[in-house]
Amino acid sequence: MREVPPVEDLGEGLWSIPVPVPHNPIGFTYVYALSAPGGPVLIDTGWDHDDSWDALVSGLKQAGHGVDEVQGAVLTHFHPDHSGLTGRLREASDAWVAMHPADIEVLRRLEERTPDERGASVLEQMTRAGFPEQDLEAFSAAPNVFQSPALPDRALGDGERLDVPGLDLRPLWTPGHTPGHLCLHLAERDLLFTGDHVLPRITPHVGQFPLDSADGDPLGDFIASQARIGRLPEADRLLCLPSHETRFSDLTARTAEIIDHHEERLDFMARLLEQGPTTLWELTSCLEWRRPWADMRLLARHMAASETAAHLRLLEERGLATRNGSVELPRWVSVAQAQRPE
């Protein structure tokens with residue numbers, strides 16, 4: 001667990017409230033509170049846990065607000081460490097909740113299926129990815145599926161001004177980490193709330209879901225939206241306030257580093273595919289990760305596989321990789337290797 005930093009007054013009615021994510025190495029998520037006529041507006045809400053709720057309520061109190069005064073929350077994206085407390089917040093304050101329509105649609109689709117149905121789908125995907133029997137059995141014994149937060153009641157599109165008098169907070173659609181991820185620009189103060197899109201030290205997870213889907217291109221979207229954020233007018237004047245780690249500046253350089261990281265990984269994977277067809281599990285298990293593959297929990301292995309799948313999907317879009325094998329166990333190979341005569 002990371003140490004949770006203190007609540008901070010960032011000046012001019014802006015507060016940083018770290019909300020813990022108990023029993024999770026991520027440690028905490030920054031919730032930002034902005035003073036506005038009619039009550040504070042939150043950027044994200046935090047994880048759904050009693051300790052997390054207590055930290056949010058306490059942080060708001062330090063900022064001079066009761067939780068019942070909150071008029072609304074803008075969610076950078078739907079992940080539970082950002083959206084988990086939306087239901088409790090609504091009950092306590094009758095606050096509105098806004099999110100990009102692409103992420104609202106993800107939540108609606110999830111609501112249409114029971115947890116058992118979603119668990120069965122993940123198991124099928126892991127089987128087609130080539131996960132070993134012991135991993136499949138472990139998942140079957142304790143299926144871990146996403147618990148949907150309360151649905152937002154406002155859709156907030158790219159560049160659409162937030163309807164709060166006295167607060168010129170502009171959303172910038174930055175898909176990749178999720179389909180509807182938003183960064184939020186407070187231009188009058190040279191501030192950019194980057195959510196999980198741009199972090200100062202690590203690169204956020206970008207995954208392909210379902211694992212073997214041939215639809216969409218989340219990593220291609222992510223790279224394009226990194227470049228877009230890096231080209232913001234006077235980007236390097238901005239103070240960036242991320243959801244994790246620490247505040248940072250030099251946005252253009254950081255987005256270039258993130259793009260370079262993925263391009264290097266794409267090049268490496270393309271070379272591996274020249275050695276012959278591979279299942280998703282085989283390729284994922286031989287890549288370098290922050291911790292050794294053998295030491296990774298099953299959930300982390302599944303997330304790693306989804307990230308590998310996103311890279312494969314972009315290689316397909318670039319005409320560098322193709323699929324063969326069967327529907328039940330697809331394999332990926334370089335296009336050049338696939339075209340060589342037997």
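Contact here means heavy atoms within 4.5 Å. With that in hand, here are some close-ups of this predicted model.

**View 1. Helix 7 and what its buried side packs against.** The buried residues of helix 7 pack against strand 8, strand 9 (182-186), strand 10 (191-195), helix 8 (251-273) and helix 10. Which residues of helix 7 are buried? They are Pro218, Leu219, Gly220, Phe222, Ile223, Ser225, Gln226, Ile229 and Gly230. The helix length checks out too: with 13 residues at 1.5 Å a residue, helix 7 should span 18 Å, and its end C-alpha atoms are indeed 18 Å apart.

**View 2. A salt bridge that reaches helix 7.** Staying with helix 7 (residues 218-230), look for Arg228. Asp158 pairs up with Arg228 in a salt bridge, and their closest N and O atoms are 3.2 Å apart. This pair ties together distant parts of the chain, 70 residues apart: Asp158 sits in the loop between strand 7 and strand 8 (170-173), while Arg228 belongs to helix 7. Asp158 has 38% relative accessibility, so it counts as partly exposed. Arg228 is partly exposed as well, with a relative accessible area of 31%.

**View 3. His185, tucked into strand 9.** Is His185 buried or exposed? His185 lies in strand 9, and with a relative accessible area of 17% it is buried, because buried means under 20%. Leaving aside residues up to four places away in sequence, His185 touches Asp168, Leu169, Arg170, Leu172, Leu191, Leu192 and Leu238.

**View 4. Where helix 8 crosses helix 10.** The axes of these two helices, helix 8 and helix 10, come within 10 Å and cross at roughly 80°. Angles from 65 to 115 degrees count as roughly perpendicular, so that label fits helix 8 and helix 10. On the helix 8 side, the residues that meet helix 10 are His262, Arg265, Leu266, Met269, Ala270 and Leu273. Across from them, helix 10 brings Thr308, His311, Leu312, Leu314 and Leu315.

**View 5. A salt-bridge network that includes Arg313 and Glu317.** Follow helix 10 (residues 298-317) to Glu317. Glu317 forms a salt bridge with Arg313, the closest N and O atoms lying 2.9 Å apart. Why are these two separated by about one helical turn? Because they are 4 residues apart in helix 10. Glu317 is partly exposed at 47% relative accessible area, whereas Arg313, at 9%, counts as buried. Zoom out a little and there's a network of salt bridges linking Arg313, Glu316, Glu317 and Arg323.

**View 6. Another salt bridge between distant parts of the chain.** How many salt bridges does the structure hold? There are 19, and one of them joins Asp153 to Arg90, with the closest N and O atoms 3.5 Å apart. Asp153 is in the loop between helix 6 (133-141) and strand 7 (154-155), and Arg90 is in helix 3 (residues 86-93), so the definition of these elements places the partners in distant parts of the chain, 63 residues apart. Asp153 counts as partly exposed at 46% relative accessibility, and Arg90 counts as partly exposed at 23%.

**View 7. The hairpin of strand 1 and strand 2.** Strand 1 (residues 8-11) and strand 2 (residues 14-20) run antiparallel and are joined by 3 bridges. Take Glu8: its bridge partner in strand 2 is Ser16. The hairpin has 2 residues between the strands, and Glu12 takes a positive phi near 55°.

How values were computed
Residues numbered from 1 in each chain as written. Predicted model: local features only at pLDDT ≥ 70, side-chain atom pairs only at ≥ 80, totals over all residues. Heavy atoms only, no water. Salt bridge = Lys/Arg side-chain N within 4 Å of Asp/Glu carboxyl O. Buried < 20%, exposed > 50% of the residue type's maximum accessible area, 1.4 Å probe, protein only. Pairing = 2+ DSSP bridges. Expected span 1.5 Å × (residues − 1). Axes fitted to C-alpha atoms, helices over the stretch in contact; angles between N-to-C directions. Parallel < 35°, antiparallel > 145°, perpendicular 65-115°, else oblique.
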